[in-house]
Amino acid sequence: MQELDFDRLRPIGLSLSMARAITLAREELAGAPLRVTEVHRETIGVHDGVASFTARAIPRLSRSLAEDSASLAVGDWVLGEPDRHRDWWIHSRIAPQSQLARRDMHGLPQVFASNVDTALLVMGLDTDFSPRRLERFLALVQGSGVEPVVVLTKTDLCVQDVPQRVETLLTRLPVGLSIVAVNALDAAVATNLAPWLAAGQTLVLLGSSGAGKSTLTNTLLGAAVQDTGGVRQGDGRGRHTTTVRSLHLLPSGACVIDTPGVRTLRPATDVAGAGFDDVMTLARACRFRDCGHHGEPGCAVREAVQPDRLANFHKLEREHKRDTMTALERREQLNLWKARGRSARAWARDKPGV
Ligand SMILES: Nc1nc2c(ncn2[C@@H]2O[C@H](COP(=O)(O)OP(=O)(O)OP(=O)(O)O)[C@@H](O)[C@H]2O)c(=O)[nH]1
Ligand SMILES: [Mg+2]
Ligand SMILES: [Zn+2]
């Protein structure tokens, strides 16, 4: 077995703990360590620390991942080898040490990125600004081991709104959360974000279309690598310029993953109340142990949490319940609805005078 070349793999985000995991895996598995930079239908973009190239997953790997409702994601570490035609094949994936995922419309987890240290939650200070959406992103990150950092863009376009909007977030969101306001076009963003850009770190950019994720990527890269798009006049929405997730190597030695803007976001987290530590803590002081914070007497949550934040908490809680229902519970609920439908029909039929 070859020694792991740490210096070579560092620029593609190798951490010490992942180096250990790869070394361990290679005691039994063959192949060179590669990092996934892009995932396409048929092919996978990878980087070996020196160059990027295209590979394919062997069918056995695709099948075994699919059996676990998983698939290769940008940021994954994999082992691969070239065949005699010099075509590269990925044989195995090293278990990710962190993952950010949402639920798709069928309720299945869809991974944004693997092995990430920091999630930059990018939001424009213009019409994109929405504390409720930001709370959804925070719920998605919570419990994943990834540090969320709020990056507010377009300070140059919204000079007057900056202090008040930052204040809105500071009073509403949990204390200790990092909030940075930047002009994504200005090279100074590298200084603003320096604490998260150290060599070996991996960041992912999340946010709605038009927020400035690709603009930030380009400014941090110091080159126009990613296409950026305008925003629609009127509603200020983006045009979904970026269509695939991609990992880029920054001059600072960190890696950044640019992602397409998301329209709807259902966090795929197992943690109930994720992103709402304040609510969970305050709830211990409610008079009733099973207080739902809907207006029960002696509710400590309603007293302290902003009404709109609490409404968002309830909404996410309902979605979480629906998403984490077991198949059995789902069936029971369906039977209950059917029974209700039957009795309603029977009632309509038997109603006197009909
Ligand atoms: N003036 C100014 N313009 C910005 C800033 N951030 C983004 N923009 C502009 O906003 C538009 C959208 O930026 P993009 O970087 O393409 O947005 P995105 O988040 O990548 O959007 P999608 O790829 O569609 O998800 C572009 O015209 C950018 O130039 C900023 O801080 N200041
Ligand atoms: Mg983009
Ligand atoms: Zn309560």
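## The shell around ligand 1

In this predicted model, helix α7, which covers residues 213-221, supplies the largest share of the shell around ligand 1, contributing 3 residues. The shell counts 26 residues in total, and the closest of them are G212, S214, T215, T242 and G261. Sorted by class, these surroundings consist of 16 polar, 6 nonpolar and 4 charged residues.

## Helix α7 and what packs against it

Helix α7 is largely enclosed by the rest of the structure, because 8 of its 9 residues are buried. The buried residues are K213, S214, T215, L216, T217, N218, T219 and L220, and two of these names, S214 and T215, also appear among the residues closest to ligand 1. The elements against which the buried residues of α7 pack are helix α6 together with the strands β8 (118-124), β11 (202-206), β12 (246-249) and β13 (255-258). After the helix comes G222, a residue with a positive phi near 75°.

Helix α6, one of the elements that pack against α7, spans residues 189-192 and includes T191. T191 counts as exposed because it has 10 C-beta neighbours inside 10 Å, where a count of 12 or fewer is the limit for that class. Although T191 and L220 are 29 residues apart along the chain, their C-alpha atoms are separated by 9.8 Å.

## Strands β12 and β13

Two of the strands that pack against α7, β12 and β13, run antiparallel and are joined to each other by 4 bridges. One pairing in this arrangement sets L249 against C255, its bridge partner in β13. The hairpin that these strands form has 5 residues between the strands, and within this hairpin G253 takes a positive phi near 100°.

## The largest nonpolar core

The largest nonpolar core holds 68 residues, and those that touch the most other members are L100, L121 and V204. Helix α4, made up of residues 131-141, gives the most to this core, with 6 residues. In soluble globular proteins, nonpolar side chains tend to be buried together.

What does V204 contact once its neighbours within four places in sequence are left aside? The residues in contact with V204 are L100, F112, A113, V116, A119, I257 and T259, and this list includes L100, which is itself one of the core residues that touch the most other members.

## Helix α5 around V166

A further helix, α5, runs over residues 162-172 and contains V166. Is V166 buried, exposed or partly exposed? It counts as partly exposed because 17 C-beta neighbours lie inside 10 Å, a number that falls between the limit of 12 or fewer for exposed residues and that of 20 or more for buried ones.

Apart from neighbours within four places in sequence, V166 is in contact with L152, I179 and A181. For one of these contacts, I179, the C-alpha atom is separated from that of V166 by 7.8 Å, with the two residues 13 apart along the chain.

## Strands β3, β4 and β5

Strand β5, residues 88-93, pairs with two other strands, and the directions of the pairings are opposite: β3 (residues 52-57) runs parallel to β5 and is joined to it by 3 bridges, whereas β4 (residues 77-82) runs antiparallel to β5, with 5 bridges between them. I90 in β5 stands opposite A57, and I90 also stands opposite G80. In the hairpin of β4 and β5, which has 5 residues between the strands, R86 takes a positive phi near 65°.

## Domains and the protein as a whole

The protein is divided into three parts, namely domain 1 (6-93), domain 2 (99-258) and domain 3 (276-354). Between the C-alpha centres of domain 1 and domain 2 the distance is 26 Å, and 16 residues of domain 1 are in contact with 18 residues of domain 2. On the side of domain 1 that touches domain 2, strand β1 (residues 32-39) provides the largest share, 3 residues. That side of domain 1 is made up of 7 nonpolar, 5 polar and 4 charged residues.

Taken as a whole, the protein contains 11 helices and 13 strands, and its C-alpha trace spans about 85 × 55 × 40 Å along the principal axes. Of its 354 residues, 34% count as buried. Among contacts between residues at least 6 apart in sequence, 66% join residues at least 24 apart.

Methods. Residues are numbered from 1 along each chain as its sequence is written. Chains are lettered from A and ligands numbered from 1 in the order in which they are written. This is a predicted model: local features need pLDDT of at least 70, side-chain atom pairs count only at pLDDT 80 or more; totals for chains, interfaces and linings use all residues. Domain bounds come from an automatic or database domain assignment. Two residues are in contact if their C-beta atoms, placed from the backbone, lie within 7 Å. Ala, Val, Leu, Ile, Met, Phe, Trp, Tyr, Cys and Pro count as nonpolar, Asp, Glu, Lys and Arg as charged, and the others, Gly among them, as polar. A residue is near a molecule or strand if its C-beta atom, placed from the backbone, lies within 6 Å of it. A nonpolar core is a set of buried Ala, Val, Leu, Ile, Met, Phe, Trp, Tyr and Cys residues joined through C-beta atoms within 7 Å. Two strands pair if DSSP finds at least two bridges between them.
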